[in-house]
Each structure stands twice: as C-alpha cells, then as structure tokens.
Amino acid sequence: MSNPITAPKLWWVIARSYHALRLLAERSIANTGLCLTDFAALEALLHKGPLTISEIQEKVMLASGSMTAAIDRLEKMRLVVRKSTAKDRRARVVQLTPEGKRLATASFEKHAKDLEQVASILTEKDKTQLYESLKKMGLFAAERLSSEVQS
C-alpha cells in the first residue's frame, strides 16, 4: 500500500519540476541569442499579431518598465516598429518587422523543439492529464486569490 500524495508533497514536486523546467527553458531561450524578456515579447507578437505594450505585458506577465525596455531594445535592433492605430491615433501598437518575424519564427521553433524533447518522456495521455490537472488547480487557486482580494 503506497502513501497518499499530500498537498504539501504535491506542491514540492510541482515547485521542483517547475524550477528544473524553467532553467531548461531559459537555457533554450538563451541559445537563441535573445534574453527572456525580448523572446517573450517577440513570441507574443508572432502569435497574437500587433499589440500595445500593455497588451504584450499582460500576455507575458512582466512589469511595465521591463516591457518598455524590451520593446526599446527590439526597436533598436529593427525587429519591431511602433505605429499609431487608425482607431486611436494616441495608442501605439508594436508589430514585427520582416526581420523580426523571421527571427521570432526561427527562435520559437527552436525553443518549441527543445520543450518537445523534454515532454517526450510523457505519453499523450500523460500530457493531457497533466495539462488538465494543472489548469484546474491553477484556475481554482486564481479564483481563491480573486475572492480573497474582493473580501
């Protein structure tokens, strides 16, 4: 008879797994020649299209100053441009240049391949179960946090 998996034991496994996976992901991103913030901004623009800085920031969960600095760096490297929108001339959207799109595509493909290699130890059923369980737990935790803030 095996010992039950307690919540603290589960937390410890999630935390240690996240730490190791994060380090591998950061190494993968570093191997693309980009820093994490720049990669995250390019990846968001690649998959979501033109966005405002605050929309990018929301998607990649980074502080405002960090995101502005990243966009400034990417703009200097001519990987992105800032443009006014037709809807609101005060709002500025960031979009990939052709070179930015090429670099973002190549970098993301390399990074995705690295992540697939790590996930290859899991069956499709394992991945589905893990995805659904972590999402369920994460949404529940977010709901608890939200209700505590509102109380």
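1. Let's start with the term used most below: a salt bridge here is a side-chain nitrogen of Lys or Arg within 4 Å of a carboxyl oxygen of Asp or Glu. By that criterion, Arg82 and Glu75 are paired, their closest N and O atoms being 3.3 Å apart. Please keep in mind throughout that this is a predicted model.

2. How exposed are the two partners? Arg82 has a relative accessible area of 22%, so Arg82 counts as partly exposed. Glu75 is partly exposed as well, because its relative accessible area is 29%. The pair also belongs to something wider: Asp72, Glu75 and Arg82 are linked in a network of salt bridges.

3. How many salt bridges does a search of the whole structure find? The count is seven. Two further ones are worth a look alongside the pair above, and they are taken in turn in the next points.

4. Arg73 forms a salt bridge with Asp38, with 2.7 Å between the closest N and O atoms. Arg73 sits in helix H4 (residues 64-76) and Asp38 in helix H2 (residues 36-48), so this contact ties together parts that are 35 residues apart in sequence. As for the surroundings of each partner, Asp38 is buried, at a relative accessible area of 4%, whereas Arg73 counts as partly exposed at 35%.

5. The other example stays inside one helix. Glu99 and Arg102 form a salt bridge whose closest N and O atoms are 2.8 Å apart. Both residues belong to helix H5 (residues 98-119); they are three residues apart, which means that about one helical turn separates them. Glu99 is partly exposed, with 36% relative accessibility, and Arg102 is partly exposed too, with 48%.

6. Now to Ser28, which is found in helix H1 (residues 7-30). Is Ser28 buried or exposed? With 3% relative accessibility, Ser28 counts as buried, since the cut-off for that class is under 20%. If you set aside its neighbours within four places in sequence, Ser28 is in contact with Lys110, His111 and Asp114.

7. Finally, a word on the surface. Which residues make the nonpolar surface patch of about 370 Å²? They are Ile121, Leu122, Leu130 and Leu134. Leu130, one of these, lies in helix H6 (residues 124-150). Leu130 counts as partly exposed because its relative accessibility is 41%, and this value fits the patch criterion of over 30% relative accessible area.

How values were computed:
Residues are numbered from 1 along each chain as its sequence is written. This is a predicted model: local features need pLDDT of at least 70, side-chain atom pairs count only at pLDDT 80 or more; totals for chains, interfaces and linings use all residues. Side-chain values use heavy atoms; hydrogens and water are left out. Patches are made of residues with over 30% relative accessible area and no salt bridge: like charges are joined within 9 Å, nonpolar side chains (Val, Leu, Ile, Met, Phe, Trp, Tyr) within 5 Å. Accessible areas come from the Shrake-Rupley method with a 1.4 Å probe; for residues, only the protein chains shown count as cover. Helices (H or I, at least four residues) and strands (E, at least two) are DSSP runs, numbered from the N terminus. Buried means under 20% relative accessible area, exposed over 50%, partly exposed in between (1.4 Å probe, protein chains only). Contact means heavy atoms within 4.5 Å.
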